[in-house]
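Q: Could you take one chain of this model and walk me through it slowly, from its overall build down to single residues? I am a first-year student, so I would like to see how each step of the reasoning is made.

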Amino acid sequence: MKRITLICAAGMSTSLLVTKMNAAAEKSGILVKIRAIPESEILKYADDTDILLLGPQVGYTLTKIKTLYEPKGIKVAVINSVDYGMMNGEKVLKMALELK
Amino acid sequence: MKMISSKTLEKIQAGMGVFANNKYIKSVSNAMILIMTPIIVGSIFTLLTNLPIKAWTDFISKTGLVDLIKIPVSFTSNITALLAAFLIAYSLAERFNKDGLMSGVLGLICFLIVTPTGQVKINDKMISYIPFDWIGPKGLFVAILIGLLTARIYVFFIEKGFIIKMPEGVPPNVARSFNTLIPGFVTVILALFIAIIFKFSPYGSLNQAVFTCIQTPLQGLTGSYISLLIINLAIGILWFFGIHGTVIVFNGIMGPLLLSMDMQNQAAYQAGQALPNIVGMEFFRAYVFMSGTGLTIGLALLMAFFAKSKQYKILGRLVIPTSIFNINEPITFGTPIVLNPVMLIPYLAAPILSSTIAYAVTAIGLVPRINGVQLPWPLPIGISGVLLGSWKIAVLQFFMVFVSLAVYYIPFRYMDRKAYELEKAGSSYATSDSCDVSAR
């Protein structure tokens, strides 16, 4: 089972997206564990994560987070801002699972 | 309409993010977030003692209940500096991947060492006490300084290995307290040294010196109308580049300053005196961040009820419920407002216009000043206005919704027409690559 962690400044709007992604996963029968956390708690959850998605408002930390976590085998990406805005759970989930 | 390449954007964002990601600033803001919980609890008790219901206030003052209700206020809002000293020292050590607990304890102790205590004689016995004066909002700046300094020294000693090493076989908890002995002595001695130096200074204490020379002048600057404009502009421009401007601007120094101004108002409110400040953290919550940064509630309403394009109709309906609870990232990224020149002007103008109106009507006394009570930030407008002191504040908040509608009307029409034409041409979500800043 893939474990996806979403990060934004306070973990508020991302948690909304998590709900939508979970619904999309359930609909197509994909087993995933998705959670939203504030950026400050990233260290705590790093060991329990396969895919790390950054909300566009913290996208500027991408390079730093990539160098920190990619060596551990975690895939890192920023969520497309319009998909984020439209809370398009299906598209974001698909993007996450297709990450290489 | 790609305006800025994603590489350039990342550079801009990284540059702006440096400030927010600074370890010291992050520790302060992290501590402020943690302090909000006790302060909100205390604020609710402040409200209880000041409910505008005469039967209730008569009842609690006659029965003496009022003094009991004030106890939680004393040990939440009135000990903010004490909490901050611990939490800041804790957070900073954690950011250096060191054990935060001992660092926090040392931060608290050092803060108390520099803080002047008092002595009274009761029944021929001398009793020492810690006055609330300096462990509340007035001492916040010293708490920040001492908390950061203590934690930094603590981390330095652990990193350099200047610790007493226990032989193997000693239980880890015992070893831990020995490990922190040297940094413990050093920080406490240093704090004592600072306390002694300032005792013989004209100010009498570090707290008084910092309050007179730093905190008061800074608050004077922060509370002015000009600074209101600058804060609004800075937040708006940061968000325009897709960065969480609110967090960045209120991180570090701005947050504690605005918070102490609210606390001053709250203390005056509780004592039934005139409120000293127009601006404070809650001023922003009440008039500027309602429905989220940029006062986008008008835009959300326009989208939900007047959009021709399917894209904006869906977005509007998605955003109205979250906007009620002051969350508006969907509209910021979904419209998009980020990097969209059409939206830049209304996005900056709406909060500036709103703060200007609010500042003006408060200054002339048409609407009362905000009582400084700290509310949970997702509280909807109207309710928050009443709790912040008056139904008049609530009415003014609803008036701002019309301001927002007016400001966003023309740009909305333009964006909607464009989206509608694209949809008619057959491609839905046609704008999704117009601002593809994140797919790299």
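**A close look at chain B**

A: In chain B, if we take the contacts whose partners have a separation of 6 or more, 72% of them join residues that are 24 or more positions apart. Please keep in mind throughout that this is a predicted model. The secondary structure of chain B is made up of 21 helices and two strands, and its C-alpha trace spans about 85 × 65 × 40 Å along the principal axes. Chain B has 440 residues, of which 50% count as buried, while its accessible surface comes to about 19900 Å², with 71% of that area belonging to carbon and sulfur atoms.

Helix H15 of chain B, which runs over residues 281-288, shows what burial looks like within one element, since seven of its eight residues are buried and the helix is described as mostly covered. The buried residues are B:Met281, B:Glu282, B:Phe283, B:Phe284, B:Ala286, B:Tyr287 and B:Val288. The cover over these buried residues of H15(B) includes several other helices of chain B, namely H12 (225-240), H13 (245-250), H14 (254-271), H19 (341-363) and H21 (391-424).

A pair of helices can be described by the angle between their axes and the distance between the axes. In chain B, helix H9 (residues 172-179) and helix H10 (residues 181-199) pack at an angle of about 35 degrees, and their axes are 5 Å apart. On the H9(B) side the contact is made by B:Ser177, B:Phe178 and B:Asn179, and on the H10(B) side by B:Leu181, B:Ile182 and B:Pro183. Sorted by class, this contact of H9(B) with H10(B) contains four nonpolar residues, two polar residues and no charged ones.

The loops of chain B hold some details of backbone geometry. In the loop between strand E1 (118-122) and strand E2 (125-129) of chain B we find B:Asn123, which has a positive phi of about 50 degrees although it is not a glycine. B:Asp124 is also found in the loop between E1 and E2 of chain B, and B:Asp124, again not a glycine, has a positive phi of about 65 degrees. B:Asn123 counts as exposed because its relative accessibility is 73%, and exposed means over 50%. With 69% relative accessibility, B:Asp124 therefore counts as exposed as well. Another loop, the one between helix H18 (329-334) and H19 of chain B, contains B:Pro336, and the peptide bond that leads from B:Thr335 to B:Pro336 is cis, with omega near -15 degrees.

Finally, two cysteines of chain B show how the accessibility classes are applied. B:Cys110 counts as buried because its relative accessibility is 2%, and the class takes in values under 20%. B:Cys213, by comparison, has a relative accessible area of 43%, so this residue is partly exposed. As for disulfides, which are pairs of cysteine sulfur atoms within 2.5 Å, the count over all chains comes to zero.

Technical notes:
Residues numbered from 1 in each chain as written. Chains lettered and ligands numbered in written order. Predicted model: local features only at pLDDT ≥ 70, side-chain atom pairs only at ≥ 80, totals over all residues. Heavy atoms only, no water. Axes fitted to C-alpha atoms, helices over the stretch in contact; angles between N-to-C directions. Helix = DSSP H or I, 4+ residues; strand = E, 2+ residues; numbered from the N terminus. Contact = heavy atoms within 4.5 Å. Nonpolar A, V, L, I, M, F, W, Y, C, P; charged D, E, K, R; others polar. Buried < 20%, exposed > 50% of the residue type's maximum accessible area, 1.4 Å probe, protein only. Areas by Shrake-Rupley, 256 points an atom, 1.4 Å probe, with all protein chains shown as cover.
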